[in-house]
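Opening the notebook on a new model today. I'll jot down what I look up, in the order I get to it.

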Amino acid sequence: MANSKYEYVRSFEVEDEIMLPNIIIVRIDGRNFCRFSKFHEFEKPNDMKALELMNLCADAVLEKFPDIIFSYGFSDEYSFVLKKTTKFYQRRASKIHSLIVSFFTSVYVNKWKAQFPQKDLRYAPSFRSRVIGCASIEVLQSYLLWRQSECHLNNQYDTCFWQLIKSGKPENEAEEMLKGSLKQDRNELLYQSFNINYKKDIPEIFRQGTCSLRTVEDIVKYKEDGSAVKRCKRKFTRVYSENIASRRFWNNQLCLVKELGQFTEDLSKTKSEYVKSFQHESRLMPSTWIVVRIDGCHFHSFSDVHQFEKPNDAQALNLMNSCAAAVLEEFKDIVFAYGVSDEYR
Ligand code: DGT
Ligand code: MG
Ligand code: MG
């Protein structure tokens, strides 16, 4: 397309570069996982296998995209933080988050059977994604504090709620009992009524969420002549930690400090203006025609590896077409689709 008469189509694409020095976060979240978790009979309030599946997908994302150096997830969501100086896809928001969420989702489907050998995946899950630009390291710190507080609040609430249900309370009564309750009240309820010490008895993966961070390890290799050479080996490490937005946690991780910067002070809460900016979603003007174009990433090598027939593989095209039909079925506002090769619009 470059330098061809069709180059003008580039002007149809949105200009959405996240400018330096903003730090790029991509957050993905399961779409209607309330229904998905019921349909697939996830354990309540936390299903260890379902969480592990989310974590495996996040590992795969870190492995695939080397510019992501930190991830944090709980429930049906994950946040991925890219290194400050990343040039990945010219820092274009739509490219970056669509790639990450589509890769995450296909790994989720791919790994389902290994994680749930006794359960069929009954319908295709989908995840939403968005980019959050953090203007400084302090904003990133606030973001992490916000997400981990959300994890804690949701999990503590859900733990109480499902204990009440297990003890025979109807759902509306359990909701009523928890309405307006404070953190301390809920801890007290768990301890007094169910003999549960929230901090000691509930696994940290549920209470704190899961972090993965990219680390660099020095390894020594030996040449044929026996002389030693030092090499850097990249790996990532899973960490469960309280207060990931604290200086104590963050500043101890060399890789995070090097690629993103240090936290200079501890925060007690996230400013509401920041939360507002994290939740901001841009909208198109009413009556704007919306065309969503998807295009396979590195499909040339994908088709080689999977030995697609050349120049056209009828089965591969049929697969694209049946995916497009499923998209039309799921999203009723789509009125028309047209596809060729590895793309659809
Ligand atoms: P959304 O994100 O607006 O499309 O709607 P949901 O339903 O995905 O809502 P969200 O993301 O606020 O909450 C996550 C839902 O996923 C929540 O209803 C509980 C469910 N979920 C996530 N992990 C588990 C799990 O391990 N066990 C169970 N039973 N449910 C889970
Ligand atoms: Mg969700
Ligand atoms: Mg969620």
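**Entry 1: the record's second domain**

I began with the span 139-233, whose end C-alpha atoms sit 30 Å apart. I get 60% helix and 20% strand for it. All of this comes from a predicted model, so I keep that in mind throughout. The span is no arbitrary cut: an unreviewed UniProt entry gives residues 139-233 the feature "domain: Thg1 C-terminal".

**Entry 2: the record's split domain**

The unreviewed UniProt entry also has "domain: tRNAHis guanylyltransferase catalytic", placed at residues 6-132 and 273-344. I looked at the two pieces in turn. Residues 6-132 come out at 37% helix and 21% strand, with 32 Å between the end C-alpha atoms. For residues 273-344 I have 43% helix, 8% strand and an end-to-end C-alpha distance of 38 Å.

I then checked the domain assignment, which cuts the chain into domain 1 (15-279) and domain 2 (294-344). I put the C-alpha centres of domain 1 and domain 2 at 31 Å from each other.

**Entry 3: the metals**

Which residues coordinate the magnesium ion (ligand 3)? I found Asp29 and Asp76, both through OD atoms, at 2.1 to 2.3 Å. There is a second magnesium ion, ligand 2, 3.4 Å from ligand 3, and Asp29 coordinates both. Asp29 belongs to strand E1 (residues 23-30), while Asp76 is in the loop between strand E2 (68-74) and strand E3 (77-82), so this pair ties together parts 47 residues apart in sequence.

Buried or exposed? I checked each aspartate. Asp76 has 13% relative accessibility and counts as buried. Asp29 has 23%, so I file Asp29 as partly exposed, the cut-off for buried being under 20%.

**Entry 4: ligand 1**

How many residues surround ligand 1? I count 16, and the closest are Asp29, Asn32, Phe33, Cys34 and Asp47. Asp29 thus turns up here as well as at the metals.

Polar contacts next:

- An oxygen of ligand 1 comes to 2.7 Å from a polar backbone atom of Asn32.
- For Phe33 I also have a polar backbone atom, with a ligand 1 oxygen 2.7 Å away.
- With Asp76 the contact is to an N or O atom of the side chain, 2.9 Å from an oxygen of ligand 1.

How much of ligand 1 does the protein cover? Ligand 1 has 620 Å² of accessible area on its own, and the protein covers 69% of that.

**Entry 5: backbone oddities**

Asn32 caught my eye again in the backbone angles. Its phi is near 50°, positive in a residue that is not glycine. I find Asn32 in the loop between E1 and H1, and at 46% relative accessibility Asn32 is partly exposed.

Arg91 is another non-glycine residue with positive phi, at about 60°. I place Arg91 in the loop between E3 and helix H3 (93-115). With a relative accessible area of 5%, Arg91 is buried.

Then I went through the cis peptide bonds. Lys44 to Pro45 is cis, with omega near -5°. Pro45 is in the loop between helix H1 (33-39) and helix H2 (48-64). Lys310 and Pro311 are also joined by a cis peptide bond, omega about -5°. I locate Pro311 in the loop between helix H12 (299-305) and helix H13 (314-330).

**Entry 6: strand E6 and what follows**

Lys230 is in strand E6 and is exposed at 63% relative accessibility. How far is Lys230 from Tyr191? I get 53 Å, C-alpha to C-alpha, for a separation of 39 residues in sequence.

Ser246 is in the loop that runs between strand E6 (228-239) and helix H9 (247-250). Ser246 is buried, its relative accessible area being 9%. I paired Ser246 with Glu265: they are 19 residues apart in sequence, and the C-alpha atoms are 7.9 Å apart in space.

Notes. Residues are numbered from 1 along each chain as its sequence is written. Chains are lettered from A and ligands numbered from 1 in the order in which they are written. This is a predicted model: local features need pLDDT of at least 70, side-chain atom pairs count only at pLDDT 80 or more; totals for chains, interfaces and linings use all residues. Side-chain values use heavy atoms; hydrogens and water are left out. Domain bounds come from an automatic or database domain assignment. Donors are N, O and S atoms within 2.8 Å of the metal (3.2 Å for Na, K and Ca); water is not among the atoms, so sites may look incomplete. Helices (H or I, at least four residues) and strands (E, at least two) are DSSP runs, numbered from the N terminus. Buried means under 20% relative accessible area, exposed over 50%, partly exposed in between (1.4 Å probe, protein chains only). A residue is near a molecule or strand if one of its heavy atoms lies within 4 Å of it. A polar contact is a pair of N or O atoms within 3.5 Å; within protein, one must be able to donate a hydrogen and the other to accept it, and residues adjacent in sequence count only if both atoms are side-chain atoms. Accessible areas come from the Shrake-Rupley method with a 1.4 Å probe; for residues, only the protein chains shown count as cover. UniProt positions are given in the numbering used here, feature names are shortened, and annotations may be inferred rather than shown by experiment.
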